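I opened the notebook with two things to look up: enclosed empty space, and the pairing of strands. The entries below follow that order.

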Amino acid sequence: MDKNKVIREVELFEFLTDDIVAGLVDAAKEMKFSKGELVFHEEERAEYVYILVEGKISMGVSLTSKPAKVTVSVLDTPYLLCGWSAIVSPYRFTAYGLCEEDTKVLAIPGESILDLLEQNPGVAYTVMKRLTELISGRLRSTRMVTLRTL
């Protein structure tokens with residue numbers, strides 16, 4: 001897998017300098033998950049940001065009013081990012097990620113991303129601005145799915 005190409009294709013990271021991308025490449029590792037396997041669990045400590053390379057990941061939440069889980073979005077396009085909780089306090093996943101088919105991701109430790117951003121405040125501002133847009137869109141989607149479920 002060409003880690004550099006994968007990172008460059010992610011909308012959140014597409015404008016990063018070569019030095020920052022090189023730092024992310026050094027920290028990143030390829031991970032594979034089987035169909036039915038969880039990439040991460042809701043409420044668990046978030047250590048990695050994941051970039052989908054191949055496969056399909058359903059993002060879901062557990063309902064507190066019912067003993068049920070609801071899928072709020074499906075990531076099925078390469079280079080989509082999930083696991084942003086690894087770079088946002090309190091560093092806990094707000095959803096679970098379930099593989100709907102055999103899946104390959106590039107996992108980057110959130111700590112490595114934050115360290116690189118601290119060294120580059122101008123870049124950090126742009127990354128965090130784009131991240132808030134991503135989170136906002138996912139929250140709207142989650143809200144709509146949840147309201148339809150109730």
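**Enclosed space**

I searched the whole structure, which is a predicted model, and the search returned one cavity of 30 Å³ or more. For the largest cavity I noted a volume of about 30 Å³.

I then asked which residues line the largest cavity. I listed Phe-13, Leu-16, Ile-20, Leu-24, Ile-113, Leu-116, Leu-117 and Val-127 as its lining. Sorting the residues of this lining by character, I obtained eight nonpolar, no polar and no charged.

Next I looked up where the lining comes from, and I found that helix 2 (18-27) and helix 3 (110-118) each supply at least two of its residues. I recorded helix 3 as the source of the largest share of the lining, with three residues.

**Strand pairing**

Turning to the strands, I found an open sheet of four strands in the order 2-7-4-5, with antiparallel pairing. Which strands stand at the edges of this sheet? I noted strand 2 (38-40) and strand 5 (69-75) there, each having a single partner strand, so that one side of each is left without a neighbour in the sheet. For the turn between neighbouring strands of this sheet I wrote down 30° on average, with direction ignored.

I followed one pairing in more detail: strand 4, residues 57-62, pairs with strand 5 in the antiparallel sense over six bridges. Within strand 5, I located Lys-69 as the residue that stands opposite Ser-62.

How values were computed: Residues numbered from 1 in each chain as written. Predicted model: local features only at pLDDT ≥ 70, side-chain atom pairs only at ≥ 80, totals over all residues. Heavy atoms only, no water. 1 Å grid on protein atoms, 1.4 Å probe; cavity = no way out; pocket = protein on both sides within 12 Å on 5 of 7 lines; lining within 4 Å. Points joined across faces, edges and corners; volume = space filled by probe spheres on them. Nonpolar A, V, L, I, M, F, W, Y, C, P; charged D, E, K, R; others polar. Pairing = 2+ DSSP bridges. Axes fitted to C-alpha atoms, helices over the stretch in contact; angles between N-to-C directions.
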